[in-house]
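Student: I should like a close look at one part of this model, with the geometric criteria stated as they arise.

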Amino acid sequence: MRMATIDLIETAPPVDTGIVEKDGPPAVQAGGTLTIDLGALTANWQTLRRRATPAECAAVVKANAYGLGIEPVVHALAKEGCKTFFVAELSEARRVRAAAPDAAIYVLNGVMPGAGPEFSVLKAKPVISSTVELAEWDAYCAASGWRGGAALHVDTGMNRLGVSINEAAALAHRIRAENHGIHLLMSHFACAEETDNALNEKQIKLFREVRLLYRGIPASLSNSSGIFLGDTAHCDVVRPGVALYGVNPTPDKPNPMRPVVDLKVRVLQVRSVTRGDTVGYSATWTARRATRIAVIAAGYADGLSRASGSTDETPGGSAIVAGKLCPIAGRVSMDLTTIDVSELPEGAVRRGDMVTLIGDALTLDEVARGASTIGYEILTSLGRRYHRVYRRD
């Protein structure tokens with residue numbers, strides 16, 4: 001009987017915690033825990049894919065997948081069916097290739113002089129943004145025999161990267177050649193999140209005219225917000241980025257995306273401050289009454305924006321402490337932030353407790369508003385000192 005019990009214990013299946021992967025320092029050593037919900041991420045991709053059908057839905061994973069980690073994000077999306085990824089530079093393409101061996105990879109910043117061989121090794125495609133760059137790329141392809149192709153970026157109103165409309169028209173004759181090398185024609189919205197901005201329609205019209213010159217070449221215009229501008233913006237490939245990670249692509253409407261990120265940080269100390277005393281660097285915040293301050297183990301080195309600090313005149317960001325929204329008191333430091341917890345009952349928060357910086361009522365967009373910035377910056381600034389947990393519930 002004893003042996004039978006032992007056998008039963010040894011063969012019992014492990015408990016499914018939903019945790020796919022962990023990264024960073026151990027939880028007991030870290031100032032906070034950053035949880036990334038890969039299930040929500042892939043659900044967001046499916047939502048965008050359905051909205052853009054029949055266009056292909058790619059994924060933008062530049063800047064370390066917007067701060068959340070290229071490898072786990074790309075692996076999850078590729079498993080879900082995503083076949084095309086956009087990155088900013090070759091170092092990111094290398095990591096995507098390792099996570100998704102069969103994917104198409106486009107490098108948005110194009111090809112640097114002398115970098116052609118690495119594109120061949122990685123089977124990645126540069127996004128060409130000038131006639132000079134195109135000439136250099138053509139020279140490399142002619143010398144090496146590489147036929148991996150590239151994207152041609154046409155500027156339709158961003159005035160950042162891209163060949164002009166006239167240059168695109170002058171180059172269109174090359175698609176009549178058998179090995180023309182243009183695998184994708186693309187442009188980029190400047191104001192897609194502003195649905196009533198006249199520039200959106202102007203860019204759609206200009207890009208439509210360029211597409212007519214490049215018949216048979218797949219085209220891509222829409223970013224996250226562009227997907228919500230309607231069918232005329234979808235073209236053949238949409239390339240969502242920030243919406244995948246939970247930021248609202250339609251700021252004037254409810255967020256159609258599921259939250260992906262949850263950030264909780266540890267309380268290091270709770271201290272009392274006398275009325276009239278100041279808190280933090282430069283003494284910008286003064287206690288107007290007897291105050292209790294919770295000092296938490298995160299600062300601007302961890303992605304908590306310095307701009308989310310507060311002064312006597314200007315409120316800043318907040319944290320959720322013991323279920324209640326509590327304001328940041330004073331400046332955010334490199335490693336520490338101070339929270340006014342005076343509204344909480346005595347003893348409601350103690351050393352070692354966790355407070356929420358992103359999650360629940362504090363959405364990424366709400367956190368960004370508290371720092372007078374955008375969700376993109378909040379995500380891409382998240383530090384490497386957190387214990388990271390990747391879940392797929």
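Are the side chains of interest, Trp137 and Tyr140, buried or exposed?

Tutor: Trp137 is buried, as is Tyr140; buried denotes a relative accessible area under 20%, exposed over 50%, and partly exposed the range in between, with a 1.4 Å probe and protein chains only. The model is predicted, so local features need pLDDT of at least 70 and side-chain atom pairs count only at pLDDT 80 or more, while totals for chains, interfaces and linings use all residues. Residues are numbered from 1 along each chain as its sequence is written, and side-chain values use heavy atoms, with hydrogens and water left out.

Both residues belong to helix α7 (residues 131–144), where they stand three residues apart, about one turn of the helix. Helices here are DSSP runs of H or I with at least four residues, strands are runs of E with at least two, and both are numbered from the N terminus. The 14 residues of α7 should span 20 Å at 1.5 Å a residue, and the end C-alpha atoms are indeed 20 Å apart; the expected span is 1.5 Å times one less than the number of residues.

The buried residues of α7 are Glu133, Leu134, Trp137, Tyr140 and Cys141. They lie on the same side of the helix, because they cover an arc of only 125 degrees around the axis, the arc being that of the directions from the helix axis to the C-beta atoms. The face turned away from this buried side carries the exposed residues Val132, Ala142 and Ala143. On the buried side, the packing partners are α6 (116–122), β7 (125–128), β8 (150–153) and α8 (165–171). Just after α7, Gly145 adopts a positive phi of about 80 degrees.

The rings may now be set in a wider context. Five aromatic pairs are found in a search of the whole structure. Rings of Phe, Tyr and Trp (its six-membered ring) pair if their centres lie within 6.5 Å; planes under 30 degrees apart count as stacked, over 60 as edge-to-face and the rest as tilted. Tyr66 and Tyr376 form a tilted pair, with ring centres 6.2 Å apart and planes at 40 degrees. This pair links distant parts of the chain, since Tyr66 is in helix α3 (residues 62–66) and Tyr376 in helix α11 (residues 375–380), 310 residues apart. Tyr66 is buried at 6% relative accessibility, whereas Tyr376 is partly exposed at 35%. Within α7, Trp137 and Tyr140 also form a tilted pair, at 5.6 Å centre to centre and 35 degrees between the planes.

Ring pairs further join Tyr66, Tyr245 and Tyr376 into a cluster. Tyr245 recurs in the largest nonpolar core: of its 114 residues, Val61, Phe85, Tyr214, Tyr245 and Leu379 touch the most other members. Helix α2 (residues 38–52) gives the most to this core, with six residues. Such a core is a set of buried Ala, Val, Leu, Ile, Met, Phe, Trp, Tyr and Cys residues joined through side-chain atoms within 4.5 Å. In soluble globular proteins, nonpolar side chains tend to be buried together.

Leaving aside neighbours within four places in sequence, the contacts of Tyr245 include Val61, Ala65, Tyr66 and Leu379, where contact means heavy atoms within 4.5 Å. Ala65, in helix α3, is buried at 0% relative accessibility.
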